[in-house]
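Colleague: I would like to learn how the features of a helical model are read. May we go through them one at a time?

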Amino acid sequence: MKEFKKKKKLKSILYSRVSIVLLLILFFFIARSTYEVWGKQSESQGKKNQAQTELEKLKARQEELSGEISRLKTPEGIEEEIREKFKMAKENENMAIIVDTEEKKPAPVEKVGFFEGLVNSVKQFLP
């Protein structure tokens, strides 16, 4: 009989309103923490993807620069770069610079009086 009373007392404590409220509060905190961790995980996944794309861009840039460096290690590459940057020529070499002298002038605007412009705009609307 004592065992029955102990079980009944334990059951009444577990199923009491206070214990159910405490369990609901505990469940609420656990659920909220889980949601926050999920949000941080998705945010970090986005940052990881962004960092990977940035890394790929940097690797491509590194390959481009190493190719440029290897080109500049050759005498032809050095000469080409000097000619391009400083517009220089070798001794006994002539250089011609072609300059476009023809200036592009805007088309002259025909001056139209107020009433003539008004008549023209009305004619445009009419069939």
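Colleague: Which residue follows H3, and what is the sign of its phi?

Modeller: This is a predicted model. Lys-87 comes directly after H3, and its phi is positive, near 55 degrees.

Colleague: How does the reach of H3 from its first C-alpha to its last stand against the expected value?

Modeller: H3 has twelve residues and reaches 16 Å between those two atoms, close to the 16 Å expected at 1.5 Å a residue. Helix H1, residues 2–14, can be read in the same manner: its 13 residues reach 18 Å, close to the 18 Å expected.

Colleague: How many of the 13 residues of H1 are buried?

Modeller: The number is zero, so H1 lies largely in the open.

Colleague: How does one describe two packed helices?

Modeller: Two quantities serve in general: the angle between the axes and the distance between them. In this model, helix H2 (residues 17–72) packs with helix H3 (residues 75–86) at an angle of about 100 degrees, and their axes are 6 Å apart. That angle makes H2 roughly perpendicular to H3, because angles of 65 to 115 degrees are counted in that class.

Colleague: Which residues make this contact?

Modeller: H2 contributes Glu-68, Arg-71 and Leu-72, while H3 contributes Gly-77, Ile-78, Glu-80 and Glu-81. By character, the residues of this contact comprise four charged, two nonpolar and one polar.

Colleague: Let us take one residue of that contact. Is Glu-81 buried or exposed?

Modeller: The relative accessible area of Glu-81 is 17%. The residue is therefore classed as buried, since the cut-off is under 20%. Glu-81 lies in helix H3.

Colleague: With which side chain does the side chain of Glu-81 make a polar contact?

Modeller: Its partner is the side chain of Arg-71, at 2.9 Å. If residues up to four places away in sequence are left aside, Glu-81 touches Glu-68, Arg-71 and Leu-72.

Colleague: May we turn to a residue of H2? What does the side chain of Ser-19 reach?

Modeller: Ser-19 is placed in helix H2, and its side chain reaches the backbone oxygen of Ile-13 at 3.0 Å. Not counting residues up to four places away in sequence, Ser-19 touches Ile-13 and Leu-14.

Colleague: What is the relative accessible area of Ser-19?

Modeller: The value is 15%, and Ser-19 is buried.

How values were computed. Residues are numbered from 1 along each chain as its sequence is written. This is a predicted model: local features need pLDDT of at least 70, side-chain atom pairs count only at pLDDT 80 or more; totals for chains, interfaces and linings use all residues. Side-chain values use heavy atoms; hydrogens and water are left out. Helices (H or I, at least four residues) and strands (E, at least two) are DSSP runs, numbered from the N terminus. The expected span of a helix is 1.5 Å times one less than its number of residues. Buried means under 20% relative accessible area, exposed over 50%, partly exposed in between (1.4 Å probe, protein chains only). Axes are lines fitted to C-alpha atoms, for helices over the stretch in contact, and angles run from 0 to 180 degrees between N-to-C directions. Angles under 35 degrees count as roughly parallel, over 145 as roughly antiparallel, 65 to 115 as roughly perpendicular and the rest as oblique. Contact means heavy atoms within 4.5 Å. Ala, Val, Leu, Ile, Met, Phe, Trp, Tyr, Cys and Pro count as nonpolar, Asp, Glu, Lys and Arg as charged, and the others, Gly among them, as polar. A polar contact is a pair of N or O atoms within 3.5 Å; within protein, one must be able to donate a hydrogen and the other to accept it, and residues adjacent in sequence count only if both atoms are side-chain atoms.
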